[in-house]
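Q: I'd like a close look at one part of this one, with the surroundings filled in as you go. Start at the surface and work your way inward, please.

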Amino acid sequence: MEDCIFCKLANGVFETNTLFEDENFRVIFDASPATVGHVLIIPKEHYANVFEIPEDLAGKAYILAKKVAAVLKEVTGCNGVNILQNNGEAAGQTVFHFHMHVVPRYDEKIITWVQKEAEQNKIDEIIEKAKDLF
């Protein structure tokens with residue numbers, strides 16, 4: 001897409017702090033990082049979200065995320081790593097080009113949510129409705 005900032009970042013239109021690049025992805029340091037070493041894995045082709053990206057490329061993205069996480073753990077000495085991917089505004093997606101965050105963690109807990117009681121009737125309903133969709 002011509003107006004997509006992540007298409008431009010992934011394809012070298014704008015200068016980036018690139019950690020890694022191959023034929024499918026560019027891994028760049030986030031301009032507004034959550035922690036030191038926070039990077040984005042951006043496919044060079046445009047896909048708005050996980051629902052649009054082909055399965056084989058989504059698999060390659062996660063394989064790359066695992067490698068990037070291991071490299072960042074080695075070079076930063078972090079205590080852990082979050083691998084995140086948001087889909088839709090309700091999930092926190094602000095740039096509508098599929099991308100994954102790899103965030104080194106240094107003991108602080110940035111990503112949290114309120115845990116609730118599981119509602120068995122809702123779980124059963126979801127299982128029933130999903131049976132034939134896989």
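A: Val13 counts as exposed, because its relative accessible area of 54% is over the 50% cut-off. Keep in mind that the model is predicted, so everything here is computed from it. As for where Val13 sits, look at the loop between α1 (5–10) and β1 (18–21). Val13 also has nonpolar company: together with Ile5 and Phe14 it makes a surface patch of about 260 Å².

Before going inward, here's the overall layout. The protein chain has three helices and five strands, and from the N terminus on they come in the order α-β-β-β-α-β-β-α. The C-alpha atoms fill a box of roughly 50 × 40 × 25 Å along the principal axes. About 9,300 Å² of the chain is exposed, with carbon and sulfur atoms supplying 54% of that area. On the inside, 33% of the 134 residues count as buried. Among contacts with a separation of 6 or more, 55% are between residues 24 or more positions apart.

Now the sheet. The five strands form an open sheet, ordered β1-β2-β3-β5-β4, with antiparallel pairing. The edges are β1 and β4 (80–84), each of which pairs on one side only. From one strand to the next, the twist averages 15 degrees. As general background, strands of a sheet pair through backbone hydrogen bonds, in either a parallel or an antiparallel way.

The part to zoom in on is β3. Five of its five residues are buried, so β3 is largely enclosed by the rest of the structure. Both of its faces are covered: Val39, Ile41 and Pro43 are buried on one side, and Leu40 and Ile42 are buried on the other. That split fits a general pattern: side chains in a regular strand alternate between the two faces of the sheet.

β3 has a partner on either hand. With β2 (residues 25–29), β3 (residues 39–43) pairs in the antiparallel sense over five bridges. Going residue by residue, Phe29 stands opposite Val39, while Arg26 has Ile42 as its bridge partner. Toward β5, three bridges do the joining, and again the strands run antiparallel. There, Leu40 of β3 has His101 as its bridge partner.

What lies across the sheet? That's helix α2 (residues 55–76), which lies across β1, β2, β3, β4 and β5 (100–105). Relative to β5, α2 runs at about 20 degrees.

For a single residue's view of that packing, pick Ala69, which is in helix α2. Ala69 counts as buried because its relative accessible area is 12%, under the 20% cut-off. Leaving aside residues up to four places away in sequence, Ala69 touches Val81, Ile83 and Val102. Given the ranges above, Val81 and Ile83 fall in β4 (80–84), and Val102 falls in β5 (100–105). As a handy distance check, the C-alpha atoms of Ala69 and Gly80 are 8.8 Å apart, and the two residues are separated by 11 residues along the chain.

So much for the trip inward: you began at Val13, exposed at 54%, and ended at Ala69, buried at 12%, passing by way of β3, with five of five residues buried.

Methods: Residues are numbered from 1 along each chain as its sequence is written. This is a predicted model: local features need pLDDT of at least 70, side-chain atom pairs count only at pLDDT 80 or more; totals for chains, interfaces and linings use all residues. Side-chain values use heavy atoms; hydrogens and water are left out. Patches are made of residues with over 30% relative accessible area and no salt bridge: like charges are joined within 9 Å, nonpolar side chains (Val, Leu, Ile, Met, Phe, Trp, Tyr) within 5 Å. Accessible areas come from the Shrake-Rupley method with a 1.4 Å probe; for residues, only the protein chains shown count as cover. A salt bridge is a side-chain nitrogen of Lys or Arg within 4 Å of a carboxyl oxygen of Asp or Glu. Helices (H or I, at least four residues) and strands (E, at least two) are DSSP runs, numbered from the N terminus. Buried means under 20% relative accessible area, exposed over 50%, partly exposed in between (1.4 Å probe, protein chains only). Two strands pair if DSSP finds at least two bridges between them. Axes are lines fitted to C-alpha atoms, for helices over the stretch in contact, and angles run from 0 to 180 degrees between N-to-C directions. Contact means heavy atoms within 4.5 Å.
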